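Work through these exercises with the structure open beside you. Try each task before you read its solution.

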Amino acid sequence: MSTKTILITGGAGFIGSHVVRRFVVQYPDYNIVNLDVLTYAGNLENLRDIEGKPNYTFIKADIRNQSEIVKILHEYRISDIIHLAAESHVDRSIANPNAFVETNVMGTVFLMNAFKDLKTSGVFFHISTDEVYGSLGETGYFTESTAYDPRSPYSASKASSDHFVRAYGNSYGLNFLISNCSNNYGPNQFPEKLIPLVINNIQYRKALPIYGDGQYTRDWLYVEDHAEAIDVIFHKGKHGETYNIGGDNELKNIELVRAICAEMDVRLSREKGSSEELITYVKDRPGHDRRYAIDSSKLKNELGWKPQHDFSEGIKLTIDWYLENSRWLAHVTSGEYQTYYEEQYLKR
Ligand SMILES: NC(=O)c1ccc[n+]([C@@H]2O[C@H](COP(=O)([O-])OP(=O)(O)OC[C@H]3O[C@@H](n4cnc5c(N)ncnc54)[C@H](O)[C@@H]3O)[C@@H](O)[C@H]2O)c1
């Protein structure tokens, strides 16, 4: 008898696929329902290895469709939700903010409407970002009580959805959890994001674009450590609370790119320094946040989580994965991954 039926939204995306795998494999008593509309960022090839597991179901659906979501939550008797589905790329949010409001804000509200009407004792766990806190100077850290100051349409949409989650907790008694995490990296990340883009471009000797002066600072967390933190918060977190998640790996973008270049020279047996020659400074992103740094001591002290990978180890694992999975990358860059759902699911 299963103890929980957990809906994980956005499970075909980068972080979501690691969370889905972790829950499916580590909790065979749970039923895991992965709901994802498969935008350009959704790739079911990420979950090829677990798609035959008896406690795993995939549903192609859109969180912007309220009536469909209500139906699915009832049909599958969902007990809990871990909500990752989102539009997630800052540059895309500057080009097309409406999509971010529709999915990240409206989609979250639609999911909560459906969930609160189920009247389960389970939890709505909203996965958010440290970008809601704005930008830091040279010093200081974001804590859970830092005032929100979102500065891009992406972070404004995530901040808005965080507010709605807390408001639903207050107004409707919804059991909720929120986590705000720093930048993730690792296997299966769509190559529009900095780390996979740099690895891919070095391989093909293409330019490595660096915004502005390259001094933008981010904290980096290995994606499996994020999935573990989500597991810990889901099981041990206090309902109604927020937890910051960080990797204690603060790096300036230029330092990060140089570190990848050095590692790639070794892996590809190229002359030392040859990858760095590909670095090209490009026009800055408008309103680019200078520094993010996160204090995750609440999560560490209260729930006992800490990251298992430091950056030097995590980046080696990541580079290994991209070099060993050239087929995955080729499918993503050619667009072939978008036919996987039709080929594998619709013909069954
Ligand atoms: N990537 C990071 O560094 C990072 C850091 C902190 C928090 N987050 C948050 O974690 C979550 C996942 O991020 P990611 O990097 O894995 O994103 P991603 O873009 O790789 O994946 C998002 C997934 O959501 C799905 N999706 C998008 N719109 C949908 C809709 N309307 N209905 C159903 N599914 C939809 C996509 O198909 C995709 O599979 C997001 O909520 C993001 O804000 C990401």
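### Exercise 1: the small sheet

Asn-183 stands opposite Trp-220 in β9. This is a predicted model, where local features need pLDDT of at least 70, side-chain atom pairs count only at pLDDT 80 or more, and totals for chains, interfaces and linings use all residues. Residues are numbered from 1 along each chain as its sequence is written.

Task: find how many bridges join β7 to β9, and give the order of the strands in their sheet.

Solution.
- Step 1. Three bridges join β7 to β9 (residues 217–222), and the two strands run parallel. Strands are DSSP runs of E with at least two residues, helices are runs of H or I with at least four, and both are numbered from the N terminus. Two strands pair if DSSP finds at least two bridges between them.
- Step 2. The open sheet has three strands in the order β7-β9-β11, with mixed pairing.
- Step 3. β7 and β11 (250–252) are the edge strands with a single partner each, so one side of each has no neighbour in the sheet.
- Step 4. From one strand to the next, the twist averages 50°. Axes are lines fitted to C-alpha atoms, for helices over the stretch in contact, and angles run from 0 to 180 degrees between N-to-C directions.

### Exercise 2: the seven-stranded sheet

Task: state the strand order of the sheet of seven strands, then say which strands stand at its edges and why one side of each is free.

Solution.
- Step 1. The order in this open sheet is β3-β2-β1-β4-β5-β6-β10, and the pairing is parallel.
- Step 2. β3 (56–60) and β10 (242–245) stand at the edges; each has a single partner strand, so one side of each is left without a neighbour.
- Step 3. Here the twist averages 20° from one strand to the next.
- Step 4. Now look inside the sheet. β5 is joined to β6 (residues 176–181) by six bridges. Phe-125 stands opposite Leu-177 in β6.
- Step 5. Add a helix. α4 packs on the sheet and touches β1, β4 and β5, with its direction at about 175° to that of β4. Contact means that the C-beta atoms of two residues, placed from the backbone, lie within 7 Å.

### Exercise 3: two helix pairs

Task: describe how α4 crosses α5, and then how α6 crosses α8.

Solution.
- Step 1. Recall that two packed helices are described by the angle between their axes and the distance between the axes.
- Step 2. The axes of α4 and α5 (residues 153–172) come within 9 Å and cross at roughly 15°. That makes α4 roughly parallel to α5 (angles under 35 degrees count as roughly parallel, over 145 as roughly antiparallel, 65 to 115 as roughly perpendicular and the rest as oblique).
- Step 3. For α6 (residues 194–203) and α8 (residues 253–267), the axes come within 10 Å and cross at roughly 40°.
- Step 4. Ile-195, Val-198, Ile-199 and Ile-202 of α6 meet Val-257, Ile-260, Cys-261 and Met-264 of α8.

### Exercise 4: around the ligand

Task: which residues come nearest to the ligand, and which element gives the most to its shell?

Solution.
- Step 1. The shell has 30 residues, and Gly-10, Gly-13, Ala-41, Gly-42 and Ala-86 come nearest. A residue counts as near if its C-beta atom, placed from the backbone, lies within 6 Å of the molecule.
- Step 2. Elements giving two or more residues are α1 (14–26), α4 (97–118), β5 (124–129) and β7 (183–185).
- Step 3. α1 gives the most, with three residues.
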